[in-house]
Amino acid sequence: MSILLDSFFEPKAAGHGGNRRSAQILELIDRANLTVTKFDRQLLSNARDRYLAGIKSLLNPKNLNFVLRHQIHVQPSFKNIAFCGFQRQLYDRVLTEHSGTKLLLWEATKNYVAPYLAKDKGFQVIAMPHNLESFVSDQTAFHESLSTEIQALAKADCVFCIAREEEWLLRLHGVNAHYLPYYPPQAIEQHLSKIRSDRRPSARYLILGSASNPPTRQGMIEQIQWLKHIRQHFSFEVDIVGYGTEALQEYCDETFVLHGAIDEERLTAILIQAKAALIHQTASSGALTRIPELLIAGIPVIANGNACRSAFDYAGVYCYDDLFELLDRLNQPLETPAPVARPIAAEKRLIDALFALSQPV
């Protein structure tokens with residue numbers, strides 16, 4: 001019998017951080033000797049039909065009764081009420097049709113109505129938020145407040161967070177939260193270990209990220225500006241790699257080489273030669289998948305306080321809070337960091353929870 005897996009991301013190694021976190025979770029499900037049925041969210045095929053369904057949901061007394069009965073904190077707007085009603089219909093259908101074990105592994109936590117429907121239908125719920133959605137800047141897919149998000153997560157039997165700060169915050173609100181740090185799936189770990197063994201560091205630094213993501217782009221621009229100031233004190237060069245980074249040309253000078261999106265072979269060559277990775281984020285949810293992977297590859301990380309979230313205690317991470325501290329970090333010798341240890345105890349907590357909550361009541 002299979003559990004129901006509700007995720008927005010394909011669990012694959014060749015992807016972004018969301019894909020890789022999902023791949024990590026799927027590996028742990030497999031270690032718990034469970035199979036999964038993927039959540040089918042193809043209730044309606046296009047935005048127009050979803051919009052019309054949202055309008056109809058405003059007139060459906062079941063949706064209003066659902067919100068009132070569970071006392072869900074929905075903002076009084078058409079968009080929010082329609083979203084809530086549409087998601088109620090979607091989860092009602094999928095949960096009703098699921099014939100496997102009544103356990104919902106809930107990664108798609110933007111859909112905050114899910115645990116209420118799941119509990120109504122006798123499901124156990126394990127929440128696996130990739131981040132707290134209400135904290136993500138420029139968020140367009142989560143329309144509610146932090147209190148609405150916490151209220152929904154509190155309905156889960158247990159919550160496994162990717163960041164220690166989220167565990168702390170949720171526990172303050174009575175949520176049964178646990179910290180499960182990101183550790184790369186086996187295929188990625190093997191590749192990173194090969195990079196570590198092949199490393200031949202040069203004097204070049206690396207900035208790695210997707211400039212198509214607004215918070216990442218904002219951080220990269222500020223990072224480039226700071227580095228241009230530091231460039232007046234000593235010479236260095238920086239490779240900038242990632243989707244959309246070509247568009248940063250107007251902010252750069254000869255110090256920076258913009259590579260854009262590159263294939264795995266070229267990225268591996270750059271990682272082998274990088275002196276250190278530079279990560280700088282403004283308002284953000286941190287570099288929670290990138291930092292452990294870089295350290296496993298043997299690459300030191302110089303990052304500001306926002307990016308260092310949940311990574312302050314890793315060997316090989318050098319944090320800074322202003323331009324002068326960044327200058328100091330760039331001037332100090334950087335040793336090859338020890339590999340990040342696998343979070344065995346945290347993994348066991350999830351595996352034990354999966355086993356316990358998948359048993360017949």
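# Salt bridges, a sheet and two cavities

Let's start with a pair of charged residues: E293 and R20 form a salt bridge, and their closest N and O atoms sit 2.7 Å apart. These two come from distant parts of the chain, with E293 in helix α11 (residues 290–296) and R20 in helix α1 (residues 17–31), 273 residues apart. If you look for them in the structure, you'll find that E293 and R20 are both buried. Keep in mind as you go that this is a predicted model.

Why might such residues end up together? Side chains of opposite charge can pair when their charged atoms come close. In this structure that happens often enough to give 17 salt bridges, so there are others to visit.

Take R309 and E166, whose side chains meet in a salt bridge at 3.3 Å from N to O. R309 lies in the loop between β11 (301–304) and β12 (317–320), while E166 belongs to helix α7 (residues 164–172), so this pair ties together parts that are 143 residues apart in sequence. Here, too, both partners, R309 and E166, are buried.

Now for R204 and D239, another salt bridge, with 2.9 Å from N to O. R204 is in strand β7 and D239 in strand β8 (residues 237–241), so the parts tied together are 35 residues apart in sequence. Are these two buried or partly exposed? R204 counts as partly exposed because its relative accessible area is 22%, and buried means under 20%. D239, with a relative accessible area of 8%, is buried.

Salt bridges can also join up into a group: R31, E189, R342 and E347 are linked in a network of them.

Next, have a look at the strands. Strands of a sheet pair through backbone hydrogen bonds, either parallel or antiparallel. In this model, six strands form an open sheet, and the pairing is parallel. Going across the sheet, the order is β2-β1-β3-β4-β5-β6. At the edges are β2 (35–38) and β6 (177–179), each of which pairs on one side only. From one strand to the next, the twist averages 25°.

For a close-up, go to the β6 edge. Strand β5 (residues 158–161) pairs with β6 in the parallel sense over three bridges. To pick out one of the contacts, find F160, whose bridge partner in β6 is H178.

Finally, what about the gaps inside? Rolling a probe the size of a water molecule over the atoms shows where empty space is left. The structure holds two cavities of 30 Å³ or more.

The largest cavity has a volume of about 70 Å³. Among the residues lining it are I162, Y179, P181, Y182 and Y314. R309, which we met in the salt bridge with E166, is part of this lining as well. By class, the lining residues of the largest cavity are 10 nonpolar, one polar and one charged.

The second largest cavity has about 50 Å³ of space. Its lining includes I207, L208, T216, M220, Q223 and R290. Which elements give two or more residues to this lining? They are β7 (204–208), α9 (214–230) and β10 (276–279). The largest share, three residues, comes from α9. Sorted by class, the lining of the second largest cavity has five nonpolar, four polar and one charged residues.

How values were computed:
Residues are numbered from 1 along each chain as its sequence is written. This is a predicted model: local features need pLDDT of at least 70, side-chain atom pairs count only at pLDDT 80 or more; totals for chains, interfaces and linings use all residues. Side-chain values use heavy atoms; hydrogens and water are left out. On a 1 Å grid over the protein atoms alone, a cavity is a set of points where a 1.4 Å probe fits but cannot get out, and a pocket is an open set with protein on both sides within 12 Å along at least five of seven lines; lining residues have an atom within 4 Å of a point. Grid points are joined across faces, edges and corners, and a volume is the space filled by probe spheres set on the points. Ala, Val, Leu, Ile, Met, Phe, Trp, Tyr, Cys and Pro count as nonpolar, Asp, Glu, Lys and Arg as charged, and the others, Gly among them, as polar. Helices (H or I, at least four residues) and strands (E, at least two) are DSSP runs, numbered from the N terminus. A salt bridge is a side-chain nitrogen of Lys or Arg within 4 Å of a carboxyl oxygen of Asp or Glu. Buried means under 20% relative accessible area, exposed over 50%, partly exposed in between (1.4 Å probe, protein chains only). Two strands pair if DSSP finds at least two bridges between them. Axes are lines fitted to C-alpha atoms, for helices over the stretch in contact, and angles run from 0 to 180 degrees between N-to-C directions.
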